[in-house]
Every structure is written in structure tokens, then in C-alpha cells.
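Biologist: I would be grateful for a close look at a single part of this structure, the sheet of chain A together with the elements around it. Please explain it in an order that a first-year student can follow.

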Amino acid sequence: MLQEESSKVTRMIILGPAANISQPELVRKLQMMELPLTIKSTCYGAVINGEESVVNKAVEDVRNLDYCNIFTKDRGFPPGDPRRCRAKRGGAREGFHQLEKEFEILGFVSEALENPKKVNLKKPKKVSVDTFKQIAEECEK
Amino acid sequence: MKNAIFPPNSLILADLVERRGHEALVLQKEIRKRVTDVEIDSPPLNITEEEPIKGLKYAAIEVPSGVRGRMAIFGPLIDAAEAAIIMEDAPFGFGCIGCARTNELSMFCLRKRGIPLLELHYPTTREETMEVVNKINTFLDGLEEEGE
């Protein structure tokens, strides 16, 4: 059983604040896919566990539901793992605090994805002394 | 292209990298190997005494074992990276990324690799977030062009 477990991957599906589907809807959509997955419903979305190819397919399909507002992230521990699950330990698991923090700007990330812009990554060059002098002289006039 | 991200467990960075068709080298993949490994049968232990020894590749013996243990997990990700995105001043420091010295060492190792690198500051406002996302997307698109 353990050997089977080690070949599986877990992914978290997180709904952005402006997502046009709700968390129960997301879980229902995942169940309707009829893929061999373990689906755990969570407050931020869902956690899915299964073979890598199946999980990737599910993630791709789920993303298409609302491309800019559905985010996914890998998770090391399988869902409900007693080492991490709060039902056994009490209190939120460590990763949740981080998720909470990142969720604060997730709405802006969605907005940026909806309105993409090309930006320049090169640092602007320093103004030469002569140009600076010229500007200063012009300002003095 | 394999992209290392820092913080290595960031949702935003990992998601943006994957959206552009690249592979995000995230911490969780390394953790998964350790926690679902058939050899480990005592549940709370996902770091064994082997890790600080493996960490010697990245940090000297005088460095605390906590840093070396963490570097044993971060190190293979840094080695495998073909490009990297570093987000400094991230407000979170929980779990594996809760060690400031390891974070400094990881960023140093990434900078030392000489791979295409994008350095950013963690955004806090709408404008900053928009700029950061656009910069990441432009950087990732640039990598595709370089690859071709």
C-alpha cells in the first residue's frame, strides 16, 4: 500500500477571491470528471490526490473553468495525513498561514493575469553627468 | 525549462511558472519524496540524520545542523534549476522556510549559479502586484525565446 502511495501526487486547488465558481461547485466538477482521484473539500478550494498524469489532467480541466481565478500548488503530504491534518494535531497546519498571507494579494494577481502587459526588465541606465548638468541649467533658467 | 523559485513553496510563483508551461521546482516535491518514502516508517520524522550530512555539500560543518538539514532539501532544487525567480521580503516564514540563514544561503547559491535570474520584492499593493506579475510573465516568455 505504501508503495502505491509513494507514486501519487497531491495538489491544492485554490479559488481566488473573484472566482466565478464556489468551493462546493468546484468539488462537484471534480467529482463529475470521474477520474480516479481522492478529493478533499477545503475552505479555500480542494485538495486532490492521485497518479501524476490524472492529477495534471484534472488541474488542466479545472483551470479552464476560470483561468485567471483558479490557482494550484503542489503539496507534499497527502490529504488527511495525520502528521499534518489539523483534525489530529489541532490548529491550522503550517502551510495554511502562508496560503492565508498569499491570498491577500491573489485578487490583484488575477487582475494582472486578465490584463497582461509587456514590461521592460532591464534596469534604466544612469543619467550621464552632462545630461544632468543640462537639466539643472534648464531648471535654473 | 526548470525554474527555481524563492520562497520555494510560494503559491503565486509556482502557479505563474506553471501557467507559462515551465516546471516549477517547488519544495513540496522534495518533501513528498521524504514523507511518502517506503523506508520511513516512523511518521513524524521526515528529516533523518542523513540530511545534515548531505547538507555539507552546501554549507560548512560549523553551520548549524538545521541549516544543513534544510539545505539537503533546497540544494537539489538549486542544482537542477535552469532559471530562477527570487522574491525577497516575503512576509511568510513558516515551516521549512522559517530559517532566515538558510534563506540567505539559498538565495546566494541561486545567484552564484549564473542562470537567468529575476529578482523582485514581495508586493503589498495593487500596483506592485500588477507590476510583479507582468515582470514574471515577461521573464518567463523571454526564457522560451532563449530556449528556441
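Modeller: The account below begins with chain A as a whole, turns to its sheet and helices, and ends with the side that touches chain B. The model is a predicted one.

Chain A contains six helices and four strands. Read from the N terminus, its elements follow the order α-β-α-β-β-α-β-α-α-α. The C-alpha atoms of chain A occupy a box of roughly 80 × 30 × 25 Å along the principal axes. The radius of gyration of chain A is 23 Å, whereas a compact globule of 141 residues would have a value near 14 Å.

The sheet is the part requested. In chain A, four strands make up an open sheet, arranged in the order 2-3-1-4 with antiparallel pairing. In general, the strands of a sheet pair through backbone hydrogen bonds, and they may do so in a parallel or an antiparallel manner. At the edges of the sheet of chain A are strand 2 (38-41) and strand 4, each of which pairs on one side only. Neighbouring strands of this sheet are turned against each other by 20° on average, with direction ignored.

One pairing may be followed in detail. Strand 1 of chain A runs antiparallel to strand 4 of chain A, and six bridges join the two. Within strand 4 of chain A, the residue that stands opposite Ile14(A) is Phe71(A).

The next step is to place a helix against the sheet. Helix 2 of chain A, residues 23-32, lies across strand 1, strand 2 and strand 3 (45-51) of chain A. With respect to strand 3 of chain A, helix 2 of chain A runs at about 20°. The loop between helix 2 and strand 2 of chain A holds Glu34(A). The phi angle of Glu34(A) is near 55°, a positive value in a residue other than glycine.

Helix 2 of chain A also meets helix 3 of chain A, residues 52-65; their axes come within 11 Å and cross at roughly 135°. That angle makes helix 2 of chain A oblique to helix 3 of chain A. The crossing of these two helices of chain A is right-handed. Helix 2 of chain A contributes Leu26(A), Lys29(A) and Leu30(A) to the contact, and helix 3 of chain A contributes Ala58(A), Val62(A) and Leu65(A). By class, this contact between helix 2 and helix 3 of chain A has five nonpolar residues, one charged residue and no polar residues.

Finally, the sheet may be set beside the partner chain. The contact between the chains takes 33 residues from chain A and 32 residues from chain B. On the side of chain A that touches chain B, the elements giving two or more residues are helix 1 (2-6), strand 1 (8-15), strand 4 (70-75) and helix 5 (94-114) of chain A. Helix 5 of chain A gives the most to this side, with 13 residues. By class, the side of chain A that touches chain B has 15 nonpolar, seven polar and 11 charged residues.

To bring these points together, strand 1 and strand 4 of chain A are joined by six bridges, and both are among the elements on the side of chain A that touches chain B. Strand 4 of chain A is also an edge strand of the sheet, while strand 1 of chain A is one of the strands that helix 2 of chain A lies across.

Technical notes. Residues numbered from 1 in each chain as written. Chains lettered and ligands numbered in written order. Predicted model: local features only at pLDDT ≥ 70, side-chain atom pairs only at ≥ 80, totals over all residues. Contact = placed C-beta atoms within 7 Å. Nonpolar A, V, L, I, M, F, W, Y, C, P; charged D, E, K, R; others polar. Pairing = 2+ DSSP bridges. Axes fitted to C-alpha atoms, helices over the stretch in contact; angles between N-to-C directions. Parallel < 35°, antiparallel > 145°, perpendicular 65-115°, else oblique. Left-handed = near helix turned anticlockwise from the far one by under 90°. Rg over C-alpha atoms; globule rule 2.2 N^0.38 Å.
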